[in-house]
Amino acid sequence: MTLDLEAARTPATILALLHVRGADRLRSVVLRRNRRTLWSLTRRSTVLNLHEAYARAPDSLLDAFAELVRGAPSRSRAYDRARREVAAWPGVHRAMRAAGWKPPRCAATPAQRVHLRRLYRFLNATRFEGRLPGAIPIRLSGRFRRRLGQMVSGYDAGRRVVREIALSVELMLRENDALRIDTLLHEMAHAIHFLDEGGLDHGPRWRWWARRVGCEPRACREGPVHRPREAGALITRVPPLPEGWRDRAAGAAAVAGGGAGDAVVSGAPSFGESPQARPRSASAASTTASAVSPNSR
Ligand SMILES: [Zn+2]
């Protein structure tokens, strides 16, 4: 039998190869067919969850994964380089494209959808100098547990794209008005960081953007998030738009001679965030370092 370099490794083999590379604390490797999460480290960095495509990754990527396990939760240069390396591997992006990406269910009412689109455009114009795409899909999720939002990045024909920004539907409650704006700015900062330079972390460049646009330059904020009085209650509230929105919209219409069309930016898979980052849901798995749905709060 000849050695087939394209053959997929088993989790046990990957584990052994990572141990040889100094990833001593690792207890198990789990291969998953994720839609969006590339990898994540859970259980105090003892479990490495990998997109199944990585079972065919070259040895150089195993070096990078070993670095991620050894380095977590540090933010050393070597760690960052390894994170970029595994996120950029074309094999996993091909696999994700083949699997297709469908946005999860949106919990927004039609009126809430209009609100979010207007809010996004307003913030893009007033805080980002209009540098973000005209209409990144903004979704409300009723399934985030502790996460407040996330930005899903991807690649289309090698071009960086933002698939969506998702916010927890609970951010539509009156008590969360300030947190809603802060969270959306947080995710928009991830979007521009990714589109401009491929960044998907909360490093110095992201923090530069966060300060510039006026959101908390912190990786995660675990609330306090106000919850609906009845768990599971439908949240249909449409919050007021920020002051100045009407003037801005009127001015833009006068200049543009009408509303701007929605340029839908769709993208591909994505990856993750840092050890200290808030626990992720589906794509973002749970605690700890991960490479997947970048962004996210
Ligand atoms: Zn974030």
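Here a student and a tutor talk through the terms used for this predicted model.

Tutor: Residues are numbered from 1 along each chain as its sequence is written. The model is predicted, so local features need pLDDT of at least 70 and side-chain atom pairs count only at pLDDT 80 or more, while totals for chains, interfaces and linings use all residues.

Student: Let's start with burial. Why is Phe194 called buried?

Tutor: A residue is buried if 20 or more other C-beta atoms lie within 10 Å of its own, exposed if 12 or fewer, and partly exposed in between, with C-beta atoms placed from the backbone. Phe194 has 25 C-beta neighbours inside 10 Å, so Phe194 counts as buried. Phe194 sits in helix α6, and its C-alpha atom is separated by 9.0 Å from that of Trp206, twelve residues apart along the chain.

Student: And what makes Arg43 partly exposed?

Tutor: Arg43 has 13 other C-beta atoms within 10 Å, and therefore falls in the partly exposed class. Arg44 also has 13 such atoms within 10 Å, so Arg44 is partly exposed.

Student: What is notable about phi at Arg43?

Tutor: Most residues other than glycine have a negative phi. Phi of Arg43 is near 50°, a positive value in a residue other than glycine. For Arg44, phi is near 55°, again positive in a residue that is not glycine.

Student: Where does Arg43 lie?

Tutor: Arg43 is in the loop between β2 (39-42) and β3 (47-51). Strands here are DSSP runs of E with at least two residues, and helices are runs of H or I with at least four, numbered from the N terminus. The hairpin of β2 and β3 has four residues between the strands.

Student: How do you know that β2 and β3 pair?

Tutor: Two strands pair if DSSP finds at least two bridges between them. β2 and β3 have four bridges, in the antiparallel sense, and Ser40 has Asn49 in β3 as its bridge partner. Strand β1 (residues 28-32) pairs with β3 in the parallel sense over five bridges, including one from Arg32 to His51.

Student: Why is β3 described as mostly covered?

Tutor: Four of the five residues of β3 are buried.

Student: On to the sheet with β4, β5 and β6. What makes β4 and β5 edge strands?

Tutor: The three strands form an open sheet in the order β4-β6-β5, with mixed pairing. β4 (138-141) and β5 (149-156) each pair on one side only. Neighbouring strands of this sheet are turned by 30° against each other on average, direction ignored.

Student: How do you know that β4 pairs with β6?

Tutor: Four bridges join β4 to strand β6 (residues 159-168), and the two run parallel. Ile138 stands opposite Ile165 in β6.

Tutor: Helix α6 (residues 177-197) packs on this sheet, touching β5 and β6, and its direction makes about 170° with that of β6. Contact is counted if C-beta atoms, placed from the backbone, lie within 7 Å. Axes are lines fitted to C-alpha atoms, for helices over the stretch in contact, and angles run from 0 to 180 degrees between N-to-C directions.

Student: How is the packing of α5 and α6 described?

Tutor: The axes of helix α5 (residues 110-127) and α6 come within 11 Å and cross at roughly 65°. Leu119, Tyr120, Leu123 and Arg127 in α5 meet Leu184, Leu185 and Met188 in α6.

Technical notes:
Two residues are in contact if their C-beta atoms, placed from the backbone, lie within 7 Å.
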